[in-house]
Amino acid sequence: MRKSINYSIIALSAAILTSCGGKATYDATGIFEATTVTVSAETPGKILELNLAEGDSIQAGKEVALVDTVLLSLQGKQSRSHRISTEVSSPDISVQLTSLRAQIAHQQNEVERFARLLADGATTQKHYDDNLAQLRVLQGQLEALRSTLGKNKSSIADNAESLGYQGENIAEQISKCHIIAPITGTVLTKYVEAGEYAVPGKPLFRMANLNDIYLRCYFTASQLANIKIGQEVTVIADFGKDEQYEYPGKIRWIAEESEFTPKSIQTEDSRANLVYAVKVSVKNDGRLKLGQYGEVRL
């Protein structure tokens, strides 16, 4: 019975020593992530082309998809036709006032002629006054016609300008039918295929730059004093079967507010409930995968 107790004590001591000797050499653990971009359609229509597959590497600015533009092109032609016809209908004020101006010039000569006759006593004051009144009537008609034509011309110009904006809007929609890769990266997920119908806001594919990724990990409040933005750390990627690789990392972001420790994340202090999220940037050599676990050593 005494030997059994001694063996139990020895076994317990060995377990404690093993536990102490196997203490984790990391300060925090996390998951590798990347900034992903979900590309969606901005105009409705049938997807005519979708030149990408999951895993493809795409350069920023490359056209990767095309949505049918036939309807928009017809609308653009119609808008241009309306604008041209509207501009043609604009009145030529100078031409339309020519006849009335000629009448005014003639009547002006008549007034001057009757003024001379009146001075010579060859006509009456009434004849002179009648001709002068007729001149003033014609001058009033000229001003009224000029005002009316000016307003019509301004209104037509506004309508033509509005149609011009409409055409620019259609041209912008046509340009958005050409789907361009917003960043240089790798296609992670493809949601649609060529031949399907695109709806504004409906995702077409998701991509990310896998060359520059980051490890999102969590540090306890007591560890905050030992970390700062820009600090260089060591990131250890675990590939299983005791295969690990170390990468140089740099702290890029520290959360301003604490949060509860995620169940899948371990910290140096297992008793800590509140932790701070930290992003550590890592240069990917091609082996690191999104969702893979990693460790941080300060």
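Partly exposed, the label used for some residues below, covers relative accessible areas between the buried cut-off, under 20%, and the exposed one, over 50%. The views all come from a predicted model.

**View 1. Lys62 in its loop, with Ile180 across from it in the sequence.** Lys62 belongs to the loop that runs between strand S4 (57–58) and strand S5 (63–67). With a relative accessible area of 44%, Lys62 falls into the partly exposed class. Now look at Ile180: it is 118 residues away from Lys62 along the chain, yet the two C-alpha atoms are separated by just 5.5 Å.

**View 2. Val88 of helix H2, shown together with Ala160.** Helix H2 takes in residues 70–88, and Val88 is part of it. This valine has a relative accessible area of 65%, so it counts as exposed. Between Val88 and Ala160 there are 9.9 Å in space, taken from C-alpha to C-alpha, and 72 residues in sequence.

**View 3. Helices H4 and H5 packed against each other.** Two packed helices are described by the angle between their axes and the distance between the axes. Here H4 covers residues 98–120 and H5 covers residues 125–176; the angle is about 160 degrees and the axes are 9 Å apart. Roughly antiparallel starts over 145 degrees, so H4 is roughly antiparallel to H5. As for handedness, H4 and H5 make a left-handed crossing. What sort of residues make up the contact of H4 with H5? They split into twelve nonpolar, nine polar and three charged.

**View 4. The one aromatic pair of the structure.** Phe239 and Tyr245 are the partners: their ring centres sit 5.3 Å apart, with the planes at 85 degrees. Planes over 60 degrees apart count as edge-to-face, which is why this pair gets that name. Are the two rings' residues buried or partly exposed? Phe239 is partly exposed, at a relative accessible area of 28%, and Tyr245 is partly exposed too, with 28% relative accessibility.

**View 5. Arg287 over the face of Tyr245.** Tyr245, already met as the partner of Phe239, turns up again here. Arg287 lies over the face of this tyrosine, 3.6 Å from the ring centre.

**View 6. Lys279 over the face of Trp253.** In this close-up the charge comes from a lysine and the ring from a tryptophan: Lys279 lies over the face of Trp253, and the distance to the ring centre is 5.4 Å.

Terms used:
Residues numbered from 1 in each chain as written. Predicted model: local features only at pLDDT ≥ 70, side-chain atom pairs only at ≥ 80, totals over all residues. Heavy atoms only, no water. Phe/Tyr/Trp six-rings, centres within 6.5 Å; stacked < 30°, edge-to-face > 60°. Buried < 20%, exposed > 50% of the residue type's maximum accessible area, 1.4 Å probe, protein only. Lys NZ or Arg CZ within 6 Å of the ring centre and 35° of its normal. Axes fitted to C-alpha atoms, helices over the stretch in contact; angles between N-to-C directions. Helix = DSSP H or I, 4+ residues; strand = E, 2+ residues; numbered from the N terminus. Parallel < 35°, antiparallel > 145°, perpendicular 65-115°, else oblique. Left-handed = near helix turned anticlockwise from the far one by under 90°. Nonpolar A, V, L, I, M, F, W, Y, C, P; charged D, E, K, R; others polar.
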